[in-house]
Each structure stands twice: as C-alpha cells, then as structure tokens.
Amino acid sequence: MNKWTELSIEYANQRSYLDDLFQVYPTIPDGIREINNEIWDSVEKAYSKKNNDLLICELLKLDLFPIKDSYIAYLKRDKSAIERNPRTINRICGRLYEMGIDKIFEQCSVPKETNRQIGPMFKDWLRKKSLGIEPVSIEKFLADKNDAILDASDKAMMDFAREELNYKHNKGLDFVGRFNGKYVIGEAKFLTDFGGHQNAQFADAISTIETKNVKAEKIAILDGVLYIKGNNKMYKSITDPLKDYNIMSALVLRNYLYQL
C-alpha cells in the first residue's frame, strides 16, 4: 500500500483525527436563513385562508421549500403546472397544514448544509501557512524554481497545469505546488459520508490521479469516512485496487511534500 495512504489510515484510527481535521475543515453552520418579510406575510395569509395555489407559489419564492418532495423542483421551474395539477398541490399542502405555520417557518430558515461550505476551506487552510509556506500568485510562482504553492482559482490552476504540465483532464484543481523542483497537483475533498454525492466526489479525485502523461506528481488529498476500516467501498478501494495511488489526508500532506 502507498505509505501515505497507510499513514493516513493510521492517523485516522489511532490519533485525534477529527479534532485535528477541524483545523482544515472548520464546518460551522451558518446562522438561520433570512426570510423575506413580504413573502412570509403572503405565506401566512395564504395559509390562513387555505389558498393552496398561492401558498405553494409564495413558498417557492423562498430559498428553501419546507418539505422534501420529488415534485417541488418541477413546480419551481414551471409555475403554470400549479394550476394544472390540483391533486398534486392538494397533496403537498396537506403535508404543510399538518406541519403548522411555525414548523414551516422553522424548516424554511434552517442553516445551509455544512458540506456546501466545505469547498474553499482547504485553500483557506493553506493560506494560513499550514504547510510551512504562504501560497503565492501565479506571477511569483513562475518567477523562480523555489518551493512554492500556487494561490489561484481551481480553473486558473487547471489552466496552468494544462499549459505547463501537460494536464489534459477537464477538471479544476485544488492544489498546485512545487517542492524540491518537482511539481505536485491534486484535488482536496472532505468525504463526510458514504454514497451518492460523496461517491462522486471520491471518483472525481481519483480521476485526476489517473490522468496520463502529466509532468507532475498527482495526489488526492482526501479526508473523512474513507479511512474508517471495514467493508465500505471507499476503504476497500484505497487499500486494494487504488493501493498504489498517492491518496492521503491533508494532515500528512506536509510530510509528503517535504520528502520529495
């Protein structure tokens, strides 16, 4: 097995992994969502008058609909469907009336999910000199051959890697660095659970590693549930078919870079 993957698994299972990882991904939820007062007044009036069509129309104007229902997205994209489908509207409104107006407000104002806030955190952590050096602009990065980390958008990093390192994968990057004269590129992900979207995130990072003929070391900076020992798909992948890939936690990244 790749020594950095092995070290990451050991770290996750033997040390204060989550406590330390919070320095990289301080996933603190936002406060409650602000709700437009005028829209909410209309919601309350429609609710009290049992005006189903208006109730749905007004709730669809808010950032978050109070219940999960497979038909909501359709109604949001085609408001005219509200009048044409009374049984669907009555069914949804029945659930809303069961909730009560206070619960509806509570559900419309819940904080954003923390996993939607995770994206920029890795780069924020880098900017704190967490790897021993401060990330620099593209101009400074190109000015010499010293150890450096590029501070740029995912797309700008991808463009640099495409032009300078023969990177042909159509995917933005989270990390571009140069250590001991060697370039390093990779993606950073915090995999908070198994399944669905998280599996896709995992696959994204692996596809970057598998890009051929890149003039750089390719790494996947992954954290989260993939290091939990067991029969889960991610753990089995990193310890068998992907065991020779440079997959590692952000918490061992510094050691990896300085041994190049």
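The lining of the largest cavity, sorted by class, has four nonpolar residues, three charged ones and no polar ones. Keep in mind that you're touring a predicted model.

**Stop one: the cavity**

To see that lining for yourself, select K123, L126, R127, P135, L150, D151 and M157, which line the largest cavity. Show them as sticks and peer into the middle. The space there has a volume of about 40 Å³. How many cavities of 30 Å³ or more does the count come to? Just one.

Now color helix α9, residues 121-127. This helix supplies three residues, the largest share of the lining of the largest cavity.

**Stop two: a helix pair**

Hide the sticks and select residues 37-48, helix α3, along with residues 101-108, helix α8. Two packed helices are described by the angle between their axes and the distance between those axes. For α3 and α8, the angle is about 150 degrees and the axes lie 11 Å apart. Angles over 145 degrees count as roughly antiparallel, so that's the label for how α3 and α8 run relative to each other. Turn the view until one helix sits in front of the other: α3 passes α8 in a right-handed crossing.

**Stop three: where the two helices touch**

Bring the side chains back. On the α3 side, pick W40, V43, E44 and Y47; what they meet in α8 is I101, I104 and F105. By class, this contact of α3 with α8 has six nonpolar residues, one charged residue and no polar ones. Looking for the charged one? Select E44 in α3.

Note on methods
Residues are numbered from 1 along each chain as its sequence is written. This is a predicted model: local features need pLDDT of at least 70, side-chain atom pairs count only at pLDDT 80 or more; totals for chains, interfaces and linings use all residues. Side-chain values use heavy atoms; hydrogens and water are left out. On a 1 Å grid over the protein atoms alone, a cavity is a set of points where a 1.4 Å probe fits but cannot get out, and a pocket is an open set with protein on both sides within 12 Å along at least five of seven lines; lining residues have an atom within 4 Å of a point. Grid points are joined across faces, edges and corners, and a volume is the space filled by probe spheres set on the points. Helices (H or I, at least four residues) and strands (E, at least two) are DSSP runs, numbered from the N terminus. Axes are lines fitted to C-alpha atoms, for helices over the stretch in contact, and angles run from 0 to 180 degrees between N-to-C directions. Angles under 35 degrees count as roughly parallel, over 145 as roughly antiparallel, 65 to 115 as roughly perpendicular and the rest as oblique. A crossing is left-handed if the near helix is turned anticlockwise from the far one by less than a right angle, and right-handed if clockwise. Contact means heavy atoms within 4.5 Å.
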